[in-house]
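Please open the model in your viewer and keep a selection tool at hand, as this tour moves from one selection to the next and says what is found at each stop.

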Amino acid sequence: MDVVAIDWSGAKIGAASRIWAARARGGVLLELQGGRDRTEVIDHLIAGRDQFPDGLTVGLDFAFSFPAWFLRERACSEVGALWHIVAVEGEQWLADCLPPFWGRPGRSRPDLAVPFRRCELTATAGGIAAKSAFQIGGAGAVGTGSIRGMPHLPRLREAGFGIWPFDPPSLWTVVEIYPRLLTGAVHKRNAEHRTRYLAGSPWSLSGPFSSAIGGSEDAFDAAISALVMSRHSAQLASLPQTVDPVTLLEGDVWRPPTLDS
């Protein structure tokens with residue numbers, strides 16, 4: 001089974017220069033490419049789905065939902081209803097940055113009883129914790145990318161991809177990833193540290209791949225995430241649909257059975 005990891009971007013302008021997609025199989029990196037914007041990335045996945053009759057798992061680097069209380073407050077009985085609301089209202093949320101959102105200049109974090117999804121509370125690696133999807137500005141913010149990512153999930157679902165953990169198992173599955181859980185502790189913004197990481201890694205990478213990974217934090221996250229996912233392709237191929245009512249609303253972050261894998 002092939003796996004694809006996509007390092008996403010929520011940038012309003014120039015997202016194509018920050019989005020990288022990597023494909024791997026059996027611990028071997030087969031493709032590493034940037035230059036597509038958000039819509040083009042999703043179009044490419046949908047158009048290429050049938051090229052993988054034995055299965056394809058796609059990891060997307062953004063939150064697939066918000067804390068359960070937010071969905072209930074918006075009368076969303078299932079996550080698809082949230083994705084529809086985000087498609088309609090998301091850009092206004094980003095423009096206004098009203099509670100529960102925060103992070104834009106002059107918009108400090110509101111006093112929220114539950115700012116995190118349950119899965120985010122345990123998504124830590126190397127002392128670095130996951131951010132709340134309500135944070136749409138500031139260092140490490142993931143909310144903008146998530147708000148501009150969720151509206152693409154229905155398109156993937158309609159094209160035959162199962163969105164884990166909400167949907168039944170499928171040959172073609174989309175999972176939420178947090179690259180920090182897959183790369184482990186490394187100073188990814190530093191090219192020297194990325195190069196040192198590669199030198200000590202178990203993967204044999206060709207010159208062009210090494211050059212791209214060494215030159216871009218985004219390419220690094222996509223490539224290493226894909227390689228780690230490919231090590232666990234058997235587990236990814238049999239991910240079950242959740243029956244937990246909170247997870248059915250909030251989603252989950254896929255992670256290897258052991259975080260040092």
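Begin by selecting Ile147, which in this predicted model is buried, with a relative accessible area of 2%, and which has its place in helix 4. If you leave aside the neighbours within four places in sequence and display what remains in contact with Ile147, you will find Phe66, Val86, Gly90, Trp93, Leu94, Phe101 and Ile136. Phe66 is 81 residues away from Ile147 along the chain, yet the C-alpha atoms of the two are separated by 9.9 Å.

Stay in helix 4, which spans residues 143–147, and move to Ser146. Is Ser146 buried or exposed? Its relative accessibility is 0%, and because buried means under 20%, Ser146 counts as buried. Not counting residues up to four places away in sequence, Ser146 touches Phe62 and Ala63.

Now turn to the aromatic side chains. The structure holds 14 aromatic pairs, and one to select is that of Trp8 and Phe62, whose ring centres lie 5.0 Å apart with the planes at 50°, so that this pair is tilted. Trp8 belongs to the loop between strand 1 (2–7) and strand 2 (20–25), while Phe62 belongs to the loop between strand 4 (56–60) and helix 2 (68–73), so the pair ties together parts that are 54 residues apart in sequence. Trp8 is buried at a relative accessible area of 7%, and Phe62 is buried too, at 4%.

A further pair to select is Phe70 with Phe101: the ring centres are 6.2 Å apart and the planes stand at 80°, so this pair is edge-to-face. It links distant parts of the chain, with Phe70 in helix 2 and Phe101 in the loop between helix 3 (79–96) and strand 5 (124–125), 31 residues apart. Phe70 is buried, with a relative accessible area of 3%, and Phe101 is buried, with a value of 4%. Extend the selection to Phe66, Trp69, Trp93 and Phe134, and you have the whole of one aromatic cluster, which Phe70 and Phe101 also help to form.

Next, switch to a cartoon view and look for the sheet. In what order do the strands of the open sheet run? The six strands follow the order 3-2-1-4-8-7, and their pairing is mixed. Strand 3 (28–34) and strand 7 (162–163) stand at the edges with a single partner strand each, so one side of each has no neighbour in the sheet.

Select strand 4 within this sheet. Five of its five residues are buried, so strand 4 is largely enclosed by the rest of the structure. Leu56, Val58 and Leu60 point one way from the strand, whereas Thr57 and Gly59 point the other way, and all of them are buried. Towards strand 1, strand 4 is joined by five bridges in a parallel arrangement, in which Val4 has Val58 as its bridge partner. Towards strand 8 (residues 172–176), strand 4 again pairs in the parallel sense, over five bridges. Here Leu56 stands opposite Trp172, and Leu60 has Glu176 as its bridge partner.

Keep Trp172 selected and add Arg49, which lies over the face of the Trp172 ring, at 3.9 Å from the ring centre.

For the last stop, select helix 8 (residues 207–215), which lies across strand 2 and strand 3 and runs at about 55° to strand 3. Then add helix 7 (residues 191–199), which packs with helix 8 at an angle of about 140°, the axes being 8 Å apart. Which term describes how helix 7 and helix 8 are set to each other? An angle over 145 degrees would count as roughly antiparallel, and at about 140° helix 7 and helix 8 are therefore oblique to each other. To see the residues at this meeting of helices, show Ala191, Arg194, Thr195 and Leu198 from helix 7, which meet Ser210, Ile213, Gly214 and Gly215 from helix 8.

Methods: Residues numbered from 1 in each chain as written. Predicted model: local features only at pLDDT ≥ 70, side-chain atom pairs only at ≥ 80, totals over all residues. Heavy atoms only, no water. Phe/Tyr/Trp six-rings, centres within 6.5 Å; stacked < 30°, edge-to-face > 60°. Helix = DSSP H or I, 4+ residues; strand = E, 2+ residues; numbered from the N terminus. Buried < 20%, exposed > 50% of the residue type's maximum accessible area, 1.4 Å probe, protein only. Lys NZ or Arg CZ within 6 Å of the ring centre and 35° of its normal. Contact = heavy atoms within 4.5 Å. Pairing = 2+ DSSP bridges. Axes fitted to C-alpha atoms, helices over the stretch in contact; angles between N-to-C directions. Parallel < 35°, antiparallel > 145°, perpendicular 65-115°, else oblique.
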